[in-house]
Amino acid sequence: MSGAGRTMPPLDPRTVSPAVLFQSLAGRRPGLALASLSGGACTLTLWDEASRTRISTVAHPRRARESDPAMLSRLLPVCVARLLVIDAVGHEDVDLAAVTAAFDAAPLLGATTDGGRRFCFRGEIWTSLGGCDGQMPTLAEASRDLFAKIAALGFAVPGVPARDVEQLLGREDAVYTAITNRYDTLKPQPRDFAGQARQLAFLDRSTADFHGQRSRGWEVVAGEVPDTDPRRASRYWKANAHLALPQSGISLWVDASISIAAPMSLARLAGLFLAEHDICVFSHHARRSIAAEAQACKALQLDDPDVIYAQLARYATEGYPDEDLAELPVILRRHTPAIEALNESWWSEITRGSHRDQISFNYVAWKTGVQYERFPLSLAVRNGLFVKMQRVRANRETSIWQ
């Protein structure tokens with residue numbers, strides 16, 4: 001079915017990460033947002049950075065027994081300003097030049113504090129992490145937790161310097177995804193993330209025809225997946241990065257349901273997480289072994305249990321310890337001979353056993369001797385790098401085309 005005659009809204013909340021929404025405000029967002037906390041309210045004031053004038057001030061009453069972190073989490077899950085200042089003693093005035101000077105001087109500075117009275121964060125980092133943890137009892141504890149997360153992303157915070165690293169990328173390096181059988185729709189990604197690298201979407205012809213010219217910033221590669229069945233189709237490109245991108249030195253795979261939230265470029269992401277290993281993935285948010293993954297697949301009827309358990313029995317006879325489980329909607333890889341061998345072995349397992357790729361990845365990494373890096377936190381929480389969006393199947397009823 002062709003997509004002719006339809007229009008796609010530029011920003012659909014089901015398929016757009018806060019990072020993309022933040023970037024859409026470029027040129028219109030205020031320079032600074034001041035959250036002044038008091039006993040009964042949080043007063044939010046927006047400032048124009050160029051003219052250093054106040055734009056608006058709104059007081060939000062505190063809910064009964066609501067802590068400072070809970071109030072901030074409710075009011076500021078996304079910061080629209082370049083900088084966010086939280087004043088713990090309720091001051092509503094701010095020296096804009098003094099606050100912004102430190103951040104202007106240090107592009108990798110993520111957050112500052114004067115010792116507990118005032119905290120300042122870059123707006124895009126606050127947004128990518130979803131703000132502070134509203135379950136924390138005090139602002140000081142919530143800020144320390146947030147500083148630790150910001151530091152894990154390589155930015156400077158009080159007491160921790162920035163990791164000033166960047167991997168030189170080539171024009172054939174890529175962010176890539178794949179969709180077959182109209183199982184999902186393309187998600188717009190932050191426009192500056194890929195840099196000079198490519199942003200490729202491998203679509204079968206039906207899915208490509210449905211999207212038409214509405215590629216949402218992706219370079220579409222249309223065609224059928226070679227010699228595989230529909231359940232394994234998109235996983236062909238996911239596993240076989242060296243075949244999808246034969247000229248690439250580095251690639252980032254994202255499932256079609258993933259939107260990039262990282263307040264950084266692909267070059268910096270690769271510099272941070274491919275420093276010691278050639279591949280980086282998330283640890284599973286809920287399970288720690290293939291055996292637990294097999295039970296979940298059986299309960300959810302995701303594949304034939306007999307196929308999965310025969311596969312696990314084979315792994316056990318080979319001595320696989322089954323002590324780890326990766327979650328694989330995101331894979332950052334350096335295209336080395338060792339990773340190519342892992343890719344090929346992984347695809348072989350997907351074709352001969354379960355099509356559920358998380359069943360075989362850790363076994364293959366163990367078998368090939370490939371160690372992998374882990375992204376901080378998990379995909380079940382706001383990790384500051386990637387967010388899992390609602391899957392929107394591309395069919396006649398898909399409202400995003402209305």
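Trainee: Into which domains is the protein divided?
Mentor: This is a predicted model. Its bounds come from a domain assignment. The protein is divided into domain 1 (31–152) and domain 2 (174–388).

Trainee: How many residues of domain 2 are in contact with domain 1?
Mentor: The centres of the two domains are separated by 36 Å, taken over C-alpha atoms. Contact here means heavy atoms within 4.5 Å. On the side of domain 1, 10 residues take part; on the side of domain 2, the number is nine.

Trainee: Which three residues supply 55% of the area that domain 1 buries against domain 2?
Mentor: Between the domains, about 690 Å² is buried. Carbon and sulfur atoms give 62% of that area. On the domain 1 side, no other three residues supply more than Ser128, Leu129 and Ala152.

Trainee: Why does the largest nonpolar core lie between the domains?
Mentor: This core has 64 residues. Those with the most contacts inside it are Ile86, Leu252, Leu269, Leu332, Phe375 and Phe386. The core lies between the domains because residues come to it from both domain 1 (31–152) and domain 2 (174–388).

Trainee: How many residues does the other core have?
Mentor: That core lies apart from the largest one. Ala178, Cys297, Leu328 and Val364 are among its members. Its count is 39 residues.

Trainee: What is the volume of the largest cavity?
Mentor: The structure holds one cavity of 30 Å³ or more. The volume of the largest cavity is about 30 Å³.

Trainee: How many residues of the largest cavity's lining are nonpolar, polar and charged?
Mentor: The lining includes Ile179, Trp218 and Val254. Thr177, Lys187 and Asp255 also line the cavity. The lining divides into six nonpolar, three polar and two charged.

Note on methods:
Residues numbered from 1 in each chain as written. Predicted model: local features only at pLDDT ≥ 70, side-chain atom pairs only at ≥ 80, totals over all residues. Heavy atoms only, no water. Core = buried A, V, L, I, M, F, W, Y, C linked by side-chain atoms within 4.5 Å. Buried < 20%, exposed > 50% of the residue type's maximum accessible area, 1.4 Å probe, protein only. 1 Å grid on protein atoms, 1.4 Å probe; cavity = no way out; pocket = protein on both sides within 12 Å on 5 of 7 lines; lining within 4 Å. Points joined across faces, edges and corners; volume = space filled by probe spheres on them. Nonpolar A, V, L, I, M, F, W, Y, C, P; charged D, E, K, R; others polar. Buried area = accessible area lost by both parts, 1.4 Å probe.
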